[in-house]
Amino acid sequence: MEGYDIAIIGAGPAGTTLARLLGDKYRILLIDKRKLDKPYHSGDVNKCCGGLLAPDAQKMLARLGLGLPEQVLVGQQLFMVRTIDLHNAQERYYQRHYLNLDREKFDRWMVSLLPERVDRCFNHHFKSLERTGQGYILKLATQGQELTVNAKAVIGADGAGSRVRTACFPDIPSPKRYIAIQEWFQVPEELPYLSAVFDEEITDFYAWTISKDNYLLIGAALNPGQQAGAKFRLLKDKLRAYGFEFGEPVKKEGAIILRPQRVKDIYPGRDKIALIGEAAGWISPSSAEGISYAVNSAYLLAKSLDHDFNNFLHYYYEYTAPMRRNILIKNLKSPFMYNRTLRGLVMKTGLQSLELYRM
Ligand SMILES: Cc1cc2nc3c(=O)[nH]c(=O)nc-3n(C[C@H](O)[C@H](O)[C@H](O)COP(=O)(O)OP(=O)(O)OC[C@H]3O[C@@H](n4cnc5c(N)ncnc54)[C@H](O)[C@@H]3O)c2cc1C
């Protein structure tokens with residue numbers, strides 16, 4: 001394969017945003033292990049996600065001049081969060097506006113926006129890379145076959161388990177990692193809210209329920225290790241005891257999810273290899289919402305590459321300063337959500353909570 005200016009690994013929201021913004025300016029190759037150019041079949045690799053587009057992500061799309069097509073939406077659109085503190089036996093409702101997405105369709109819609117000039121190499125895994133005089137040689141693999149590609153700059157947009165990050169920067173520690181387990185249950189009725197469930201016996205992060213058409217998704221970000229499965233079963237037992245109704249799962253999925261607790265957990269990259277989206281550590285440490293950070297970091301990298309290809313990492317670091325401040329502030333506010341006593345006090349006040357009218 002010929003040489004590229006930029007090879008982007010990962011066609012999630014970060015990688016597709018970057019490729020879309022720079023596709024007419026540079027020779028770009030977008031690589032993903034998913035078969036994003038073929039119709040989706042159940043059993044294909046997909047992105048495990050709650051698929052809620054939070055207000056910050058909606059704002060990012062608006063800033064980029066994008067509206068969402070109807071076909072990527074699913075089920076009811078959600079206007080509130082039911083916050084359940086199982087430990088303190090308290091609950092409150094809060095107003096928040098989410099768009100409820102079919103995440104696979106959302107990612108494919110982002111791919112459909114790519115300029116023609118962007119070359120795509122789907123159904124290929126990135127394996128490793130080597131430095132050369134002019135840039136890098138990337139090794140990709142598909143069904144036992146290897147392929148090499150040359151590029152002057154490499155962008156890791158390959159998500160929480162980023163191979164680009166571990167292969168290129170083994171000296172840089174990862175942000176705190178959680179195992180997200182999510183199961184889908186067929187249910188007769190949709191729940192008109194996102195539940196955020198807190199219980200220190202299950203996790204020091206949080207668990208959730210989300211309705212999508214006839215499915216209830218139950219998920220949790222759990223500390224990795226052998227206990228994760230048992231903690232997830234405990235969550236389901238506790239939710240049933242609390243009044244949630246669901247039977248046996250029809251689908252089970254899992255993924256790594258990151259929680260950047262210090263600003264230095266976020267790593268922009270070096271030597272013409274940049275990281276964007278969750279690969280860099282960009283994700284909310286309080287809500288685990290990552291789509292807005294993925295799109296924002298991609299936009300800021302696009303701006304940096306556009307400004308000065310030879311020195312883009314300098315500008316990327318500079319332009320992302322407000323994002324680092326945002327992560328810092330979220331971490332400072334976190335104890336009000338994640339410290340049992342403080343959370344109990346906040347919920348007790350009922351501040352900014354919604355009173356439900358029941359007749
Ligand atoms: C269970 C769960 C629920 C979540 N719910 C929400 C939510 O409701 N709202 C929200 O905003 N965020 C949510 N997040 C976080 C959000 O999904 C991510 O932060 C966001 O998708 C990051 O975007 P990205 O483009 O950086 O990476 P990703 O979306 O992870 O995309 C990475 C891409 O890289 C590809 N890839 C990975 N490795 C390789 C490789 N070696 N070779 C080739 N391709 C590769 C993958 O196939 C994928 O397409 C959730 C995360 C989890 C785990």
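Is Arg262 buried, partly exposed or exposed? In this predicted model, Arg262 is partly exposed, because its relative accessible area is 43%, a value that falls between the limits of 20% and 50%. Arg262 takes part in a salt bridge with Asp265, in which the closest N and O atoms are 2.6 Å apart. The partner lies in another class of accessibility: Asp265 counts as buried, because its relative accessibility is 4%.

The salt bridges of the structure may be considered next. A search of the whole structure identifies 22 salt bridges. One of them joins Lys152 to Asp5, with a distance of 3.0 Å between the closest N and O atoms. This pair connects distant parts of the chain, since Lys152 belongs to strand E9 (residues 145-156) and Asp5 to strand E1 (residues 3-9), 147 residues apart. Lys152 counts as partly exposed, because its relative accessibility is 41%, whereas Asp5, at 15%, counts as buried.

A further salt bridge is formed by the side chains of Arg34 and Asp107, with an N to O distance of 2.7 Å. Arg34 is located in the loop between strand E2 (28-32) and strand E3 (52-53), and Asp107 in helix H3 (residues 103-112), so this salt bridge ties together parts that are 73 residues apart in sequence. Arg34 counts as buried, because its relative accessibility is 7%. Asp107 also counts as buried, with a relative accessibility of 1%. Arg34 and Asp107 belong to one network, in which salt bridges with shared partners also join Asp32, Arg103, Glu104 and Arg108.

Two members of that network, Asp32 and Arg103, are also found beside the ligand. In total, 34 residues surround the ligand, and the closest are Asp32, Leu52, Arg103, Phe126 and Glu278. Several elements contribute to this shell: helix H1 (13-22), strand E7 (125-131), strand E14 (251-259) and helix H6 each supply at least two residues. The largest share, 3 residues, comes from strand E14.

Backbone atoms of the protein also approach polar atoms of the ligand. A backbone N or O atom of Ala14 is placed 2.9 Å from an oxygen atom of the ligand. For Lys33, a backbone N or O atom lies 3.1 Å from a nitrogen atom of the ligand, and for Ala288 the corresponding distance to a nitrogen atom of the ligand is 3.4 Å. On its own, the ligand has 1,000 Å² of accessible area, of which the protein covers 94%.

The nonpolar interior is described in terms of its cores. The largest nonpolar core contains 59 residues, and those with the most contacts inside this core are Ile6, Ile8, Leu18, Leu138, Ile276, Leu301 and Leu305. Helix H6 (residues 291-307) provides the largest share of this core, namely 7 residues. Apart from this core lies another, of 23 residues, which includes Leu52, Ala54, Val81 and Ile210. Leu52 of this other core is also among the residues closest to the ligand.

The surroundings of Leu18 illustrate the packing in the largest core. Beyond its neighbours within four places in sequence, Leu18 is in contact with Ile8, Ile155, Ile276, Ala298, Leu301, Ala302 and Leu305. Thr17 is situated in helix H1. Thr17 is buried, because its relative accessible area is 1%. When neighbours within four places in sequence are left aside, Thr17 is in contact with Leu64, Met110, Val295, Ala298 and Tyr299. Ala298 is thus a contact of both Leu18 and Thr17.

A last site concerns Asp213, which is found in the loop between strand E12 (207-212) and strand E13 (215-222). Asp213 counts as partly exposed, because its relative accessibility is 37%. Not counting residues up to four places away in sequence, Asp213 touches Val74, Gly75 and Glu190. With Gly75, a polar atom of the Asp213 side chain lies 3.3 Å from the backbone nitrogen. The C-alpha atom of Asp213 is separated by 37 Å from that of Thr320, a residue 107 positions away along the chain.

Definitions and conventions:
Residues numbered from 1 in each chain as written. Predicted model: local features only at pLDDT ≥ 70, side-chain atom pairs only at ≥ 80, totals over all residues. Heavy atoms only, no water. Core = buried A, V, L, I, M, F, W, Y, C linked by side-chain atoms within 4.5 Å. Buried < 20%, exposed > 50% of the residue type's maximum accessible area, 1.4 Å probe, protein only. Helix = DSSP H or I, 4+ residues; strand = E, 2+ residues; numbered from the N terminus. Contact = heavy atoms within 4.5 Å. Polar contact = N/O pair within 3.5 Å; in protein donor to acceptor, adjacent residues only side chain to side chain. Salt bridge = Lys/Arg side-chain N within 4 Å of Asp/Glu carboxyl O. Near = heavy atom within 4 Å. Areas by Shrake-Rupley, 256 points an atom, 1.4 Å probe, with all protein chains shown as cover.
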